[in-house]
Amino acid sequence: MMKLAVFAALAGSAAAFAPAPVAQTKTALSADFSKELGAQMPLGFIDPLGLVADADQDEFDRLRWVELKHGRVSMLAVVGYLVTYAGVRFPGAEDIPSGFAALDAVPGMVWAQMIATWTMMEAANQDQYAAPWGMNKNGLGESPAEFKGDFRNGALDFGWDKLSAESKMRKRAIELNNGRAAQMGILGLMVHEKLGNVDNLLPPHF
């Protein structure tokens, strides 16, 4: 299950360099994304592929959500890689190897179960007020989401609403940076596994 999360994490990592959503709408000519969440030290605002060179705020927000989602998947992928590399397995999967070798060892029925689980997770982890998948085909009314990727849906909170605006921005920046690090981390683990020297980074069972 972790291995497919790895591939999902890499599927659109090229979009991970565009920086964060704000409420107001800007035109492409007047947009200044250098002050957005994510444009921070040591690099500041960086867009090496020119993805937002002619983008308006809506396109920028979409790219920021793409980066955020890839970061979230990559964080799960890194944890999954480390856990399985350390030898932790679900009951009945003790013989499944870690890393890329697991792809050929997982039974077909388990693949079917994983795909069904991913589909259910995708359906659940979204802004339900704009569901399905941003098409607004429901009658729930205005979304309470504060930014793209805010999937509390008026139910889960964990104290978020009690935070100050400054604390919210700081926590969002932490998640964004952790996601960026995880994207580089899982890519590095995969590359070193293919090079055959991942054991130099992660000794067996740590």
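# A first look at an all-helix model

The side chain of glutamine 126 comes within reach of the backbone oxygen of alanine 123, at 2.8 Å. That contact is a friendly place to start in this predicted model. The protein holds six helices and zero strands, and its elements follow one another from the N terminus as α-α-α-α-α-α. Here is a short tour, grouped by topic.

**The protein as a whole**

- Of the 206 residues of the protein, 32% count as buried.
- The accessible surface adds up to about 12400 Å², and carbon and sulfur atoms account for 63% of that area.

**Glutamine 126, where we began**

- Glutamine 126 sits in the loop that joins α4 (108–124) to α5.
- Its relative accessibility is 7%, so glutamine 126 counts as buried, the cut-off being under 20%.

**Helix α2**

- Helix α2 covers residues 57–85 and has 29 residues.
- From its first C-alpha to its last, α2 reaches 41 Å, close to the 42 Å expected at 1.5 Å a residue.
- The N-terminal end of α2 is capped by aspartate 56, which places a side-chain oxygen 3.3 Å from the backbone nitrogen of aspartate 58.
- After α2 comes glycine 87, with a positive phi near 100°.

**Helix α5**

- Helix α5 takes in residues 165–195, which makes 31 residues.
- At 1.5 Å a residue, α5 should span 45 Å, and its end C-alpha atoms are indeed 45 Å apart, so the two values agree.
- The buried residues of α5 include Lys168, Arg172 and Glu193, along with Ala173, Leu176, Ile186 and Met190.
- Glycine 188 also belongs to α5; with a relative accessibility of 25%, glycine 188 counts as partly exposed, because that class lies between 20% and 50%.
- The C-alpha atoms of glycine 188 and valine 198 are 9.1 Å apart, and the two residues are separated by ten residues along the chain.
- Just after α5, glycine 196 adopts a positive phi of about 85°.

**A cavity lined by α2 and α5**

- Rolling a probe the size of a water molecule over the atoms reveals where empty space remains.
- The second largest cavity has a volume of about 30 Å³.
- Helices α2 and α5 each contribute at least two residues to the lining of this second largest cavity.
- Among the lining residues are Glu67, Leu68, Gly71, Arg72 and Met75, as well as Glu175, Leu176, Gly179, Arg180 and Gln183.
- Sorted by character, the lining of the second largest cavity has three nonpolar, three polar and four charged residues.
- Leu176, Gly179 and Gln183 appear in the lining of the second largest cavity and are also listed as buried residues of α5.

Notes: Residues are numbered from 1 along each chain as its sequence is written. This is a predicted model: local features need pLDDT of at least 70, side-chain atom pairs count only at pLDDT 80 or more; totals for chains, interfaces and linings use all residues. Side-chain values use heavy atoms; hydrogens and water are left out. Helices (H or I, at least four residues) and strands (E, at least two) are DSSP runs, numbered from the N terminus. The expected span of a helix is 1.5 Å times one less than its number of residues. Buried means under 20% relative accessible area, exposed over 50%, partly exposed in between (1.4 Å probe, protein chains only). On a 1 Å grid over the protein atoms alone, a cavity is a set of points where a 1.4 Å probe fits but cannot get out, and a pocket is an open set with protein on both sides within 12 Å along at least five of seven lines; lining residues have an atom within 4 Å of a point. Grid points are joined across faces, edges and corners, and a volume is the space filled by probe spheres set on the points. Ala, Val, Leu, Ile, Met, Phe, Trp, Tyr, Cys and Pro count as nonpolar, Asp, Glu, Lys and Arg as charged, and the others, Gly among them, as polar. A polar contact is a pair of N or O atoms within 3.5 Å; within protein, one must be able to donate a hydrogen and the other to accept it, and residues adjacent in sequence count only if both atoms are side-chain atoms. Accessible areas come from the Shrake-Rupley method with a 1.4 Å probe; for residues, only the protein chains shown count as cover.
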